[in-house]
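Student: I would like a close look at a single part of this model. Please keep the answer connected and plain.

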Amino acid sequence: MDHQPPPFFNRGPAPLALLTFYIALSLALLIADARFQTLEMLRQGLSLFTHPVQNLAHLPGQVVEQVSSYFVSLARLQEENAQLKRTRLENVSSLLRTKQLESENQRLRKLLELKERPTAHGQLSQILFSARDPYSRRVVIDKGLQDHVQAGQPVIDDAGIVGQVTRVFPFVSEVTLITDKEQSVPVQIVRTGQRSVVFGLGNGQLELRFLPANTDVQNNDLLVTSGLDGIYLAGFPVAKVVRIDRDATQAFARIFCTPIAGVENFGEVLVLAPRPTVALPEPLAKQTAANDRKSANKAGQGRKKRAKKE
């Protein structure tokens with residue numbers, strides 16, 4: 001009678017089977033999160049625990065920066081103060097004239113019964129760190145859900161458009177820069193008024209697309225937001241044309257641009273409030289509602305006719 005002794009160690013599933021199971025589970029989670037955002041709540045919960053750890057990791061650098069800034073020489077501060085005073089005195093006349101022109105413009109708009117341009121409001125935020133993904137251009141700011149930040153809000157600096165809030169956590173938010181490959185901004189050429197769309201290339205540059213090869217575009221042309229996307233207000237500087245490649249065999253020209261704002265080297269940004277929804281004029285709203293009712297009535301009559309035929 002053959003009798004084998006029991007194994008010295010309890011053996012579980014084969015390593016190849018475990019590897020196959022974990023690979024399949026990882027792929028399923030990746031697909032589910034990419035398509036249906038199933039892990040968004042888990043990510044929000046984990047951020048509550050990782051936020052103190054991130055603050056602790058950045059604490060030494062912040063201490064060193066504060067100590068170094070504390071020991072700035074008094075002579076340098078006095079020199080900067082004197083320069084600011086000189087600049088302020090030099091700009092007083094222009095500032096006063098600008099205020100006078102603004103008040104005159106407001107009076108003319110009221111006389112002509114024109115709508116005032118929407119003003120931009122927002123809250124100041126600071127860049128904490130850049131995202132760790134080498135294939136994207138994203139940064140993390142110190143404003144989140146507790147500061148009423150929403151996904152889709154535009155972000156600017158003192159020069160122009162920086163990016164757009166794409167993900168919001170309880171204490172921080174993720175901003176995708178306009179140089180990211182997944183970002184596009186409707187723009188308008190200031191010199192000619194031509195409208196188009198500028199796309200990020202992922203390498204710090206932008207490309208102006210969908211313009212014919214013989215279009216009137218020149219180097220150093222300024223691009224500003226057109227305001228047609230419902231996200232960015234019109235008139236914000238976006239980019240400047242730096243190179244134009246025209247090929248007779250291609251229908252569109254390749255136009256490369258560089259961002260106006262300090263997209264890669266800024267510290268503070270302004271998160272603008274979402275654009276208000278624009279109500280349709282009353283005649284147009286009534287016409288749209290009437291068209292909707294007619295469409296609904298036609299659809300109901302069609303269903304009744306099909307039911308009778310059946």
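Student: Which residues have the most contacts inside the largest nonpolar core, and how many residues does that core have? Please take in the aromatic pairs as well.

Tutor: This is a predicted model, and what follows is computed from it. The largest nonpolar core has 36 residues. Those with the most contacts inside this core are Ile178, Leu208, Leu223, Val238, Ile255 and Cys257. Of the secondary structure elements, strand S4 (residues 161-168) gives the most to the core, with 4 residues. In soluble globular proteins, nonpolar side chains tend to be buried together.

Ile255 can be followed further. Leaving aside neighbours within four places in sequence, Ile255 is in contact with Leu206, Glu207, Leu208, Leu211, Val217, Val241, Arg243 and Ile244. Leu208, one of these partners, is itself listed with the most contacts inside the core.

Now the aromatic pairs. A search of the whole structure finds 3 of them. In one, the ring centres of Phe199 and Phe210 are 5.8 Å apart and the planes stand at 85°, so the pair counts as edge-to-face. Phe199 belongs to strand S7 (residues 195-200), while Phe210 is in the loop between strand S8 (206-209) and strand S9 (222-225), so the pair ties together parts that are 11 residues apart in sequence. Phe199 is buried, at 18% relative accessible area, whereas Phe210 is exposed, at 52%. Ring pairs also bring in Phe252, giving a cluster of Phe199, Phe210 and Phe252. Finally, the charged end of Arg209 sits over the ring of Phe199, 4.4 Å from the ring centre.

Conventions
Residues are numbered from 1 along each chain as its sequence is written. This is a predicted model: local features need pLDDT of at least 70, side-chain atom pairs count only at pLDDT 80 or more; totals for chains, interfaces and linings use all residues. Side-chain values use heavy atoms; hydrogens and water are left out. Rings of Phe, Tyr and Trp (its six-membered ring) pair if their centres lie within 6.5 Å; planes under 30 degrees apart count as stacked, over 60 as edge-to-face and the rest as tilted. Helices (H or I, at least four residues) and strands (E, at least two) are DSSP runs, numbered from the N terminus. Buried means under 20% relative accessible area, exposed over 50%, partly exposed in between (1.4 Å probe, protein chains only). A charge sits over a ring if NZ of Lys or CZ of Arg is within 6 Å of the ring centre and within 35 degrees of the ring normal. A nonpolar core is a set of buried Ala, Val, Leu, Ile, Met, Phe, Trp, Tyr and Cys residues joined through side-chain atoms within 4.5 Å. Contact means heavy atoms within 4.5 Å.
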